[in-house]
Amino acid sequence: MEPHEPDLTAVPVTTVLAALADDVRLQIVRALAEGGEFACNTFEFGVSKATRSHHLKVLREAGLTRTRAAGTSRYVRLRRDELERLYPGLLNAVLTPPPAPSRAAPSRPARPARPEPA
């Protein structure tokens with residue numbers, strides 16, 4: 001039996017964004033974007049099996065992933081094409097890592113001018 005996957009057009013964008021707001025779920029989405037389809041039990045990310053299952057369920061219910069059963073295994077993949085059609089640029093924006101912070105010294109505020117002695 002395949003798990004319920006919502007029609008993406010019925011999922012509010014706030015639900016999609018909330019699912020992407022968690023660090024572990026974002027790591028899962030990034031891994032799926034890079035590697036395609038994975039068996040659910042291959043995701044580690046330093047969390048328990050129950051926590052991993054919860055994160056995968058949240059992603060599926062938010063319309064971000066598809067899950068298929070093959071025997072006793074479940075495989076998950078990103079619904080990239082559907083997401084891109086409905087929310088153009090969203091995944092690319094989320095998957096692009098932020099720029100590294102500059103190593104330049106922080107600028108100091110200008111000192112007020114001192115009055116000249118009279």
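Read along the sequence, the chain runs α-α-β-α-β-β-α-α. That makes 5 helices and 3 strands. The model is predicted. Two themes stand out below: the packing around helix H2, and a network of salt bridges that takes in Glu5, Arg66, Arg79 and Glu82.

**Overall build**

- The chain has 118 residues, and 31% of them count as buried.
- Its accessible surface comes to about 8300 Å². Carbon and sulfur atoms account for 55% of that surface.
- Take the contacts between residues at least 6 apart in sequence: 63% of them join residues at least 24 apart.

**Helix H2 and its ends**

- H2 covers residues 23-35, 13 residues in total. From first C-alpha to last, H2 reaches 18 Å, close to the 18 Å expected at 1.5 Å a residue.
- The N-terminal end of H2 is capped by Asp22. A side-chain oxygen of Asp22 lies 2.9 Å from the backbone nitrogen of Val24.
- Gly36 comes just after H2 and takes a positive phi of about 85°.

**What H2 packs against**

- The buried residues of H2 are Val24, Arg25, Leu26, Ile28, Val29 and Leu32.
- An α-helix has 3.6 residues a turn, so residues three or four places apart point the same way.
- Helices H1 (13-20), H3 (49-61) and H5 (90-95) are among the elements that the buried residues of H2 pack against.
- Strands S1 (38-39), S2 (65-70) and S3 (73-78) also pack against these buried residues.

**Strand S1: Ala39**

- Ala39 sits in strand S1. Its relative accessibility is 15%, so Ala39 counts as buried, the cut-off being under 20%.
- Leaving aside residues up to four places away in sequence, Ala39 touches Arg74 and Tyr75.
- Ala39 and Arg74 are 35 residues apart in sequence, yet their C-alpha atoms are 5.7 Å apart in space.

**Salt bridges**

- The whole structure holds 5 salt bridges.
- Arg66 and Glu5 pair through their side chains at 2.7 Å, N to O. This pair links distant parts of the chain: Arg66 is in strand S2, Glu5 is in the segment before H1, and 61 residues separate them.
- Arg66 also forms a salt bridge with Glu82, with the closest N and O atoms 3.3 Å apart. Here too distant parts of the chain are linked, from strand S2 to helix H4 (residues 80-86), with the two residues 16 apart.
- Glu61 and Lys57 meet in a salt bridge at 4.0 Å, N to O. Both lie in helix H3, 4 residues apart, about one turn of the helix.

**Exposure of the charged partners**

- Glu5 has a relative accessible area of 18% and is buried, because the cut-off is under 20%.
- Arg66 is partly exposed, with a relative accessible area of 25%.
- Glu82 is partly exposed at 22% relative accessible area.
- In helix H3, Glu61 is partly exposed at 40% relative accessible area. Lys57 is partly exposed at 41%.

**Arg79 and the network**

- Glu5, Arg66, Arg79 and Glu82 are linked in a network of salt bridges.
- Arg79 lies in the loop between S3 and H4. Its relative accessible area is 3%, so Arg79 is buried, the cut-off being under 20%.
- The side chain of Arg79 makes a polar contact with the side chain of Glu82 at 2.8 Å.
- That side chain of Arg79 also reaches a backbone atom, the oxygen of Pro6, at 3.0 Å.
- Not counting residues up to four places away in sequence, Arg79 touches Glu5, Pro6 and Leu8. Its contacts also include Gly63, Leu64, Thr65 and Arg66.
- Arg79 therefore touches two of its network partners, Glu5 and Arg66, within the 4.5 Å contact limit.

Notes. Residues numbered from 1 in each chain as written. Predicted model: local features only at pLDDT ≥ 70, side-chain atom pairs only at ≥ 80, totals over all residues. Heavy atoms only, no water. Expected span 1.5 Å × (residues − 1). Buried < 20%, exposed > 50% of the residue type's maximum accessible area, 1.4 Å probe, protein only. Polar contact = N/O pair within 3.5 Å; in protein donor to acceptor, adjacent residues only side chain to side chain. Areas by Shrake-Rupley, 256 points an atom, 1.4 Å probe, with all protein chains shown as cover.
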